Amino acid sequence: MIADAQFRAELELCDRYRIPHSLFLGAGDGSWSEADRAKALAYAAFGRSVCEQCGTRAAEWDEAQGGDRYAYVTTTVRCVGCELIAVEQDQVPEGPDGYGVRIGLVPRTP
């Protein structure tokens, strides 16, 4: 699971669409085999091991578990959409007038 990004991507889709892996592969009839259940449980366990904020796993950093303290480097990415939302968010009033205000993006129509 950890070393196979393709397998994880397949299980991510299976999880999203709530289908067994065998059906995704075109080999199943839609019922959940023992292997399908084991894969789903393994994928769920893998998901619980991933940090919600940065997307890494503690074991990747832990040398005692085969990881590397310097396994990743940071990168900075600017999203223009997020920038526009942040600028508009600055205009939302503090206090009750701003409660519940959420800024989003919609396509500009010609």
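How many residues apart in helix α1 are Arg16 and Glu12? I began my notebook with that pair, keeping in mind that this is a predicted model.

**Entry 1: the pair in α1**

I found Arg16 and Glu12 four residues apart in α1, the helix of residues 5-17, so about one helical turn separates them. They form a salt bridge, and its closest N and O atoms are 3.6 Å apart. I also looked up the exposure of Glu12: its relative accessible area is 38%, so I noted Glu12 as partly exposed.

**Entry 2: other salt bridges**

I then asked how many salt bridges the structure holds. The count came back as four, and the Arg16 and Glu12 pair is one of them.

Another joins Asp15 to Arg18, with 3.1 Å between the closest N and O atoms. Here I compared each residue with the exposure classes. Asp15 has 40% relative accessibility and counts as partly exposed, whereas Arg18, at 61%, is exposed.

I also looked at Glu60 and Arg57, whose salt bridge has its closest N and O atoms 4.0 Å apart. Is Arg57 buried or exposed? Its relative accessible area is 13%, so Arg57 goes down as buried.

**Entry 3: Arg18 again**

Arg18 deserved a second visit for its backbone. Most residues other than glycine have a negative phi. Arg18 is not a glycine, yet its phi is positive, at about 55 degrees. I placed Arg18 in the loop between α1 and α2, the latter being residues 21-24.

**Entry 4: α1 against α3**

Next I checked how α1 and α3 pack. Their axes are 10 Å apart and the angle is about 100 degrees. That falls in the 65 to 115 range, so I call the two helices roughly perpendicular to each other. On the α1 side the contact is made by Phe7, Arg8, Leu11, Glu12 and Asp15, and on the α3 side by Lys39, Tyr43 and Phe46. Sorted by class, this contact has four nonpolar residues, four charged residues and no polar ones. I was pleased to meet Glu12 and Asp15 again here, since Glu12 pairs with Arg16 and Asp15 with Arg18.

**Entry 5: Thr56**

Where does Thr56 sit? I found Thr56 in the loop between α3 (34-48) and α4 (58-61). Thr56 counts as buried, because its relative accessibility is 9% and the cut-off is under 20%. The side chain of Thr56 makes a polar contact with the side chain of Trp61, at 2.9 Å. Setting aside neighbours within four places in sequence, I listed Ser49, Val50, Cys51, Trp61 and Tyr72 as its contacts.

**Entry 6: Trp32**

Trp32 lies in the loop between α2 and α3. With a relative accessible area of 37%, Trp32 is partly exposed. Not counting residues up to four places away in sequence, Trp32 touches Arg18, Ile19, Pro20, Arg37 and Ala40. I noted that Arg18 turns up once more in that list. I also took a C-alpha distance: Trp32 and His21 are 8.4 Å apart in space and 11 residues apart in sequence.

**Entry 7: Tyr70**

My last lookup was Tyr70, in the loop between α4 and α5 (80-89). Tyr70 is exposed, with a relative accessible area of 67%. Its C-alpha atom is separated from that of Pro93 by 42 Å, and the two residues are 23 apart along the chain.

Terms used
Residues are numbered from 1 along each chain as its sequence is written. This is a predicted model: local features need pLDDT of at least 70, side-chain atom pairs count only at pLDDT 80 or more; totals for chains, interfaces and linings use all residues. Side-chain values use heavy atoms; hydrogens and water are left out. Buried means under 20% relative accessible area, exposed over 50%, partly exposed in between (1.4 Å probe, protein chains only). A polar contact is a pair of N or O atoms within 3.5 Å; within protein, one must be able to donate a hydrogen and the other to accept it, and residues adjacent in sequence count only if both atoms are side-chain atoms. Contact means heavy atoms within 4.5 Å. A salt bridge is a side-chain nitrogen of Lys or Arg within 4 Å of a carboxyl oxygen of Asp or Glu. Axes are lines fitted to C-alpha atoms, for helices over the stretch in contact, and angles run from 0 to 180 degrees between N-to-C directions. Angles under 35 degrees count as roughly parallel, over 145 as roughly antiparallel, 65 to 115 as roughly perpendicular and the rest as oblique. Ala, Val, Leu, Ile, Met, Phe, Trp, Tyr, Cys and Pro count as nonpolar, Asp, Glu, Lys and Arg as charged, and the others, Gly among them, as polar.
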